[in-house]
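Trainee: Hi! Could you walk me through this structure with me asking as we go?

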Amino acid sequence: MKRRKIKKGIYRLAHLPGGINFVRYCRNKVAHYSNKVSGSLEVAHPSTIMLEVSNHCNLHCITCPREYAYGIEMDKGYMDISLLKRLVDEAYPYIDSIGLTGMGEPLLYPHLAEALEYIKSRNRGILTNISTNAVLSGAPEIIDTFKANLDTIQISIDGIGDVYNSIRKNADYDTFIDNVAQIQSLTKNSGTDLTFNMVVVKENYHQMPELIELAAEKGFANLTFTIFNLASVTNVDMEYYEFYDSLEFREAYRLAQEKAKQHPELDVFFWNIDRKGSFQNCPFPWTHFYVAWNGEVPPCCAKPFPKELSFGSVVDQPLINVLNTDGFKEFRKMWKTAETPAFCRRCHFIMGETVN
């Protein structure tokens, strides 16, 4: 991911806010690092936020928390565009990137083009991204209408051929690949990066090398492999994580790493399966803050269900106030002492950690 980060970093530096807003931007960066050095439990204005524009989806994937108890019980809707614009106004001039994505399919959001245009009107350098399944009817045509305001499109794939169809219910692999080809053609030379994301599970792990070949063939610059996160998957036993330490998975993992070396033009990110489990592996208490479609602020994107835990609502107060509530600061205090909250104990960041 290094080349992508360097490219985006250079672009961001070239489009920093000017005048008094540049001063405010810099002061906020100083505040961020000052809080970190001093050990403060408060945070400065965030550099990146994820706005869940919708938690509706056209698919029923076996890897998605929407398909399990928390997701089934969640309220569903679309973020009010006036709330979204207010959050963008609050975030400016401190923000570096905004993701318009979350537990649903963002292409279903009727105001997506308007939202992206508004973000870029505040500052062209704010990096924008969405994560899409790319199989919604007319997906390429929808993306074509706002590609000029979109910096990164992450496309979820989770398999090839029949494996893809078995994991991503209601999708069709042939339609998916055709849409991907159209999206790649439409965004070529537009400045919009395309990246594949695969959630590696027992059904698809053997296809990791094949997916690297596919990503290279389609001209993608980035590919991410992550593991199944059980934080919100209520009826899969925690022993599932043992699979990632099995001989068969480690061999497929090794072969995929070797395959990646054959395609230096492709940035491939692998989840570190040997990392010791700890709440302190998680960045979300401090950054990448998530706002649900209804304005509630849950701890993270892995378990974004306000009914389970919310630190407050941005409907009636600024986001920065919610991020520094007593509840959120207590959450960060637990992070500092490596004490895993009950809310987080099935998360893959905690994988391998012994918890009570």
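**Cavities, a strand and some cysteines**

Mentor: Happy to! The largest cavity holds about 40 Å³ of space. A cavity is a set of points on a 1 Å grid over the protein atoms alone where a 1.4 Å probe fits but cannot get out, and lining residues have an atom within 4 Å of a point. The volume is the space filled by probe spheres set on the points, which are joined across faces, edges and corners. This is a predicted model, where local features need pLDDT of at least 70 and side-chain atom pairs 80 or more, while totals for chains, interfaces and linings use all residues. Residues are numbered from 1 along each chain as its sequence is written, and side-chain values use heavy atoms, with hydrogens and water left out.

Trainee: How many cavities of 30 Å³ or more does a search of the whole structure find?

Mentor: Two. The second largest has a volume of about 30 Å³.

Trainee: Which element gives the largest share of the lining of the largest cavity?

Mentor: Strand β8, with three residues. Both β8 (222–227) and α10 (247–261) supply at least two. Helices (H or I, at least four residues) and strands (E, at least two) are DSSP runs, numbered from the N terminus. Among the lining residues are Phe 225, Thr 226 and Ile 227.

Trainee: And what classes are in that lining?

Mentor: Nine nonpolar, one polar and no charged residues. Here Ala, Val, Leu, Ile, Met, Phe, Trp, Tyr, Cys and Pro count as nonpolar, Asp, Glu, Lys and Arg as charged, and the others, Gly among them, as polar. The second largest cavity is lined by three nonpolar, four polar and two charged residues.

Trainee: New topic: is strand β7 mostly covered or uncovered?

Mentor: Mostly covered: eight of the eight residues in β7 (193–200) are buried, meaning under 20% relative accessible area with a 1.4 Å probe, protein chains only. Both faces are covered, with Asn 197 on one side and Phe 196 on the other.

Trainee: What does β7 pair with?

Mentor: Strand β5 (residues 152–156) pairs with β7 in the parallel sense over five bridges, and six bridges join β7 to β8, also parallel. Pairing takes at least two DSSP bridges. Asn 197 stands opposite Thr 224 in β8.

Trainee: Last one: how many disulfides are there?

Mentor: Zero, where a disulfide is a pair of cysteine sulfur atoms within 2.5 Å. Cys 300 is too far for a bond because the closest cysteine sulfur, in Cys 301, is 5.8 Å away. Cys 347 is in no disulfide either, with the sulfur of Cys 282 nearest at 6.1 Å.

Notes: 1 Å grid on protein atoms, 1.4 Å probe; cavity = no way out; pocket = protein on both sides within 12 Å on 5 of 7 lines; lining within 4 Å. Buried < 20%, exposed > 50% of the residue type's maximum accessible area, 1.4 Å probe, protein only.
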